[in-house]
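Here is a friendly walk through one chain, with the helix packing taken up before single residues. Have the model open beside you as you read.

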Amino acid sequence: MVEWTGKQFAYQQVADDLRRRIADDEFASTGQLPSYGDLQKAYGVTVTVARAAIGQLKTDGLVVSHQGKGVFLTADASRSAAQLADPVGTVAELREEVDKLRTEVGELRQRVATLEGD
């Protein structure tokens with residue numbers, strides 16, 4: 001259950017919680033999110049809030065909806081949700097990758113300098 005902070009709109013808080021649950025593979029077995037009615041009951045929100053939260057997940061590329069069928073996870077939803085849920089971790093991973101690339105570029109420059117010197 002979401003603890004309402006008042007610092008974000010209700011739909012954003014629901015979307016954040018759903019992102020976390022997607023990142024934790026909670027919906028992996030079915031690949032489907034709860035219905036709007038189930039979201040309303042679970043979070044104590046209106047259907048408008050539930051729709052807006054799902055709209056956020058669609059914008060993020062985490063889910064697709066099929067009228068009359070439901071809302072389904074995209075192929076890489078879990079990984080994408082994890083990145084969205086932990087942007088600091090994503091930034092740290094990117095920094096590590098940049099550092100590795102800098103090292104590799106430095107080594108390549110030395111090889112080129114050695115080859116050109118011969």
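Is the crossing of α1 and α3 left-handed or right-handed? The crossing of these two helices is right-handed. Please keep in mind throughout that this is a predicted model.

## The chain as a whole

The chain is built with five helices and two strands, and along the sequence they follow the pattern α-α-α-β-β-α-α. Of its 118 residues, 24% count as buried. If you look at contacts between residues at least 6 apart in sequence, 51% of them join residues at least 24 apart.

## Two helix pairs

Two packed helices are described by the angle between their axes and the distance between the axes. With that in mind, start with α1 and α3, whose axes lie 8 Å apart and pack at an angle of about 50 degrees. That angle makes α1 oblique to α3. On the α1 side, the contact is made by A10, Y11, V14, A15, L18, R19 and I22. On the α3 side, V49, A52, A53, I54, Q56 and L57 take part. Sorted by class, this contact of α1 with α3 has eleven nonpolar, one polar and one charged residues.

Now turn to the other pair. Helix α2 covers residues 36–43 and helix α3 covers residues 47–59. Their axes come within 9 Å and cross at roughly 110 degrees. Helices α2 and α3 are therefore roughly perpendicular to each other. Helix α2 brings Y36, L39 and Q40 to the contact, while α3 brings V47, A50, R51 and I54. By class, the contact of α2 with α3 has five nonpolar, one polar and one charged residues. I54 is worth picking out on your screen, as this α3 residue is listed in the contact with α2 and also in the contact with α1.

## A53 and A10 at the α1 and α3 contact

What is A53 in contact with, leaving aside its neighbours within four places in sequence? The partners are Y11, V14 and A15. A53 is found in helix α3, and this alanine is buried, with a relative accessible area of 0%. Its C-alpha atom is separated by 4.6 Å from that of A15, although the two residues are 38 apart along the chain. A15 is also one of the α1 residues in the contact with α3.

A10, found in helix α1, is another member of that contact. A10 is partly exposed, with a relative accessible area of 30%. The C-alpha atoms of A10 and T46 are separated by 9.7 Å, and these residues are 36 apart along the chain.

## Two arginines of α1

Helix α1, residues 10–23, holds R21, and R19 is found in α1 as well. R19 is buried, with a relative accessible area of 9%. Its side chain makes a polar contact of 2.4 Å with the side chain of D16. R19 is also among the α1 residues that make the contact with α3.

What does R21 touch, not counting residues up to four places away in sequence? R21 touches E26, F27 and Y43. With Y43 there is also a polar contact of 3.0 Å, which joins the two side chains. R21 counts as buried because its relative accessibility is 15%, and the cut-off for buried is under 20%.

A82 gives a further reference point for R21. A82 has its place in helix α4, residues 77–85. A82 and R21 are 61 residues apart in sequence and 9.3 Å apart in space, C-alpha to C-alpha. At 34% relative accessibility, A82 counts as partly exposed.

## After α1

D25 has its place in the loop between α1 and α2. The phi angle of D25 is near 60 degrees, a positive value in a residue other than glycine. At 44% relative accessibility, D25 counts as partly exposed.

## Accessibility side by side

The table gathers the accessibility values of the residues discussed above.

| Residue | Relative accessibility | Class |
|---|---|---|
| A53 | 0% | buried |
| R19 | 9% | buried |
| R21 | 15% | buried |
| A10 | 30% | partly exposed |
| A82 | 34% | partly exposed |
| D25 | 44% | partly exposed |

Note on methods: Residues numbered from 1 in each chain as written. Predicted model: local features only at pLDDT ≥ 70, side-chain atom pairs only at ≥ 80, totals over all residues. Heavy atoms only, no water. Axes fitted to C-alpha atoms, helices over the stretch in contact; angles between N-to-C directions. Helix = DSSP H or I, 4+ residues; strand = E, 2+ residues; numbered from the N terminus. Parallel < 35°, antiparallel > 145°, perpendicular 65-115°, else oblique. Contact = heavy atoms within 4.5 Å. Nonpolar A, V, L, I, M, F, W, Y, C, P; charged D, E, K, R; others polar. Buried < 20%, exposed > 50% of the residue type's maximum accessible area, 1.4 Å probe, protein only. Polar contact = N/O pair within 3.5 Å; in protein donor to acceptor, adjacent residues only side chain to side chain. Left-handed = near helix turned anticlockwise from the far one by under 90°.
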